[in-house]
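Me: Please take a close look at the helical part of this model. How are its helices packed and covered?

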Amino acid sequence: MSNQEFVGKLVKWRHHLHSIPETGFDINETEEFVASTLSNIGIEVHRNIGRNGLVGVIRKGEGKKSIGLRADMDALNIRENTGLPYSSKFEGKMHACGHDGHTSMLLGAAELLKKDYNFNGTVYLIFQPDEENGHGAKEMIAAGLFDRFPMDEIYGVHNMPGMPAGSFATRTGGIMASEDNFIIRIHSKGAHAARPHMGRDPLVIAAEIILALQTIVSRNLDPALSAVISCTEIQTDGVRNTLPGFVEIKGDTRSYDPLVQELIETRMRKICNSICMMNDAECEFIYTHEFSPTVNTEEQKKYALAAASKIFAADAINGDVMPMMTSEDFGAFLEKVPGCFVFIGNGTELDGKGYLPLHNSGYDFNDDILEQGARFFAEIARTRLNSD
């Protein structure tokens, strides 16, 4: 197959996937397309791993080493506004994060590894559902992913608008943050707005809590470390002339270190309970861990950079990119297996396309980077499985 034919196949796959966006674990058409495409290439396919997750297996030679390559398959509940000829067929759903591109890249790598590349060992092609809600990786792990398909290391890719098309970036340590969600419920005593002394105004208590929470990062956390605490929603049972008896605050926190996560949760709980107690109110505090931080190992980062050097221009590779406070559930895999997560530039305004932000109704994955992503996936597998 010529290179032009290979790229044409990647684009065809990507456009088809873009037209059938599915969310969460409800990705039946997407899963079926990926499974049938792998089977047509001649690859062994295992399905129903973590509900809709699947794994393709390629073995060559007698080598005992193995590597995992992962792509996410799910879309978002966003109404598409691109006007593309291959735009979403499903109202209210679209591939606004580029998972259609990531899946196509890994399918392309599968074809290269099966038909063109020689190596000595086993490649596991991991196609994951429900990345956006942070449940897919955990479901696949709970279903025995690493027991059934033991791998020595794992790699993942995400496109990045704002980075020039064809650029490559990664780093050692935390590259994307954890996401923890919280709910603070304040149960107090409502009253008439004209007679506030008859109640215990939970809105004032909520205001105290919201301001106090900001002291955790500024006064409890080492300035060399990074974290964000954001209160994003407030709901009450009050009306214009009535002080509420109940307030609910929702939000999330971001960080790169489990010890920082623990500090944040502990301090938040103490602050909320103490302020409520001081104001004769009851506090209900709920804190959940949604996304693990995505933390790259130094050794695997070096391997990723070595593979990238064969695909990308030297001046387009950044091995110490600034970390981002956004989250990725690839971090759950990295808690089990050493690996590296990387960014590939999707484009800038100067490129003329691929620059609209992720989760935007006008976003589209840049087809020009499909080949580089596919060849990076294939190259890291070939390089690692041909090493001593």
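Reply: A crossing of helices is right-handed if the near helix is turned clockwise from the far one by less than a right angle, and left-handed if anticlockwise. In this predicted model, local features need pLDDT of at least 70 and side-chain atom pairs pLDDT 80 or more, while totals for chains, interfaces and linings use all residues. Residues are numbered from 1 along each chain as its sequence is written, and side-chain values use heavy atoms, without hydrogens and water.

The crossing of α3 and α10 is right-handed. The axes of α3 (residues 99–116) and α10 (residues 370–385) come within 8 Å and cross at roughly 50°, which makes α3 oblique to α10 (neither under 35 degrees, nor over 145, nor from 65 to 115). Axes here are lines fitted to C-alpha atoms over the stretch in contact, with angles from 0 to 180 degrees between N-to-C directions. In contact (heavy atoms within 4.5 Å), the α3 side includes Gly 101, Met 105, Gly 108 and Leu 112, and the α10 side includes Gly 373, Ala 374, Phe 377 and Ala 381.

Helix α6 (residues 202–220) has 19 residues and should span 27 Å, in agreement with the 26 Å between its end C-alpha atoms; the expected span is 1.5 Å times one less than the number of residues. At the start of α6, a side-chain oxygen of Asp 201 reaches to within 2.9 Å of the backbone nitrogen of Leu 203. Among the buried residues of α6 (under 20% relative accessible area, 1.4 Å probe, protein chains only) are Pro 202, Ile 205, Ile 209, Leu 213 and Ile 216. The elements covering the buried residues of α6 include β8 (178–187), β10 (227–236), β12 (246–255) and α7 (258–278). Helices (H or I, at least four residues) and strands (E, at least two) are DSSP runs, numbered from the N terminus.

Key:
Buried < 20%, exposed > 50% of the residue type's maximum accessible area, 1.4 Å probe, protein only. Polar contact = N/O pair within 3.5 Å; in protein donor to acceptor, adjacent residues only side chain to side chain.
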